[in-house]
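Today I will go through one structure and its ligand site. Please have the sequence and the model open.

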Amino acid sequence: MPEDNNREPSRVWFVGSGPGDPELITVKGMRLLRDADVVIYAGSLVREKVLEWCEKGPEVHNSASMDLGAIVSLMIDASRKGRKVVRLHTGDPSLYGALREQTEALEKAGVPYGIVPGVSSAFASAAALKRELTLPGVTQTVVFTRLEGRTPVPEKERLGSLAAHGATICIFLSVSMMDEVVRELSCGYPPETPVAVVYRASWEDELVVKGTLADIKEKVGESGIKRQAMIIVGKAIGDGPVEQSRLYDPGFSHGFRK
Ligand code: SAH
């Protein structure tokens with residue numbers, strides 16, 4: 001394609017690449033990848049197999065070795081040349097994706113962008129567990145959180161305080177700190193509470209470790225899982241009997257079923 005510095009900047013697309021299985025990207029994300037001239041992805045997080053959707057032999061950049069300034073100027077320059085830029089994020093871009101600092105820089109530069117959602121690893125993990133995160137009679141709330149790492153977590157959101165609600169909690173970025181995870185969760189959940197750790201949900205080597213608050217630390221230690229894993233805790237992921245939902249209750253009518 002001829003490049004012209006005076007043309008309208010093209011829209012930069014931030015695309016959720018999903019949890020790993022290349023088929024778990026959205027149709028829209030796949031289409032944008034097929035058509036992309038420039039792709040930027042975080043090599044440490046996004047699965048490279050997703051790049052197999054590219055068809056135009058795009059210029060591919062691994063952002064693992066770039067700082068924010070370099071990533072942003074690459075996107076801005078390419079967009080101003082009218083090139084189709086895809087910035088791949090793992091899972092869904094709205095969770096722990098360092099998205100905002102990139103979009104703000106594009107806004108400042110007057111470069112248009114769009115965001116395509118993706119399947120979060122939280123949902124791929126629920127699928128691996130074959131469990132519903134919201135269960136009638138148990139909980140109607142899901143919390144997404146993490147332990148503090150280099151990014152601080154506000155004091156009011158300490159895992160120990162969140163545990164007080166008894167909701168389902170999906171804990172990102174924390175499997176290397178199981179000691180602390182279990183200690184904090186024990187502030188609110190009894191020891192028999194089900195906990196599952198899903199390593200690389202949707203990958204070929206996906207691994208599920210199931211236990212309780214009392215034994216999950218030891219089981220995860222034995223499994224050797226140290227990263228790329230989701231921790232899900234709460235009664236909803238357990239095996240107990242299930243209360244029927246009102247939605248399919250024969251005695252309950254709604255707009256579509258009288
Ligand atoms: N935006 C991503 C999360 C990025 S933070 C999403 O929506 O999934 C990176 C963390 O996500 C990892 O530390 C891990 O906790 C989790 N994660 C990412 N991919 C995963 C996968 N395939 N299986 C389990 N957990 C995963």
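The shell around the ligand has ten nonpolar, five polar and two charged residues. Here Ala, Val, Leu, Ile, Met, Phe, Trp, Tyr, Cys and Pro count as nonpolar, Asp, Glu, Lys and Arg as charged, and the others, Gly among them, as polar. The model is predicted, with local features needing pLDDT of at least 70 and side-chain atom pairs pLDDT 80 or more, while totals for chains, interfaces and linings use all residues. Residues are numbered from 1 along each chain as its sequence is written, and side-chain values use heavy atoms, with hydrogens and water left out.

Which residues are the closest to the ligand? They are Pro19, Leu95, Ser121, Ala201 and Ala229, out of 17 that surround the ligand, each with a heavy atom within 4 Å of it.

Now the polar contacts, meaning pairs of N or O atoms within 3.5 Å. Oxygen atoms of the ligand lie 2.7 Å from a backbone N or O atom of Ala229 and 2.9 Å from one of Leu173. A polar backbone atom of Arg200 is 3.5 Å from a ligand nitrogen. On its own the ligand has 550 Å² of accessible area, and the protein covers 94% of that, by the Shrake-Rupley method with a 1.4 Å probe.

Last, the domains. An automatic or database assignment gives domain 1 (12-116) and domain 2 (121-237). Their centres, taken over C-alpha atoms, are 28 Å apart. Eleven residues from domain 1 and twelve from domain 2 take part in the contact, that is, heavy atoms within 4.5 Å. Each domain also gives at least three residues to the shell around the ligand.

Technical notes
A polar contact is a pair of N or O atoms within 3.5 Å; within protein, one must be able to donate a hydrogen and the other to accept it, and residues adjacent in sequence count only if both atoms are side-chain atoms.
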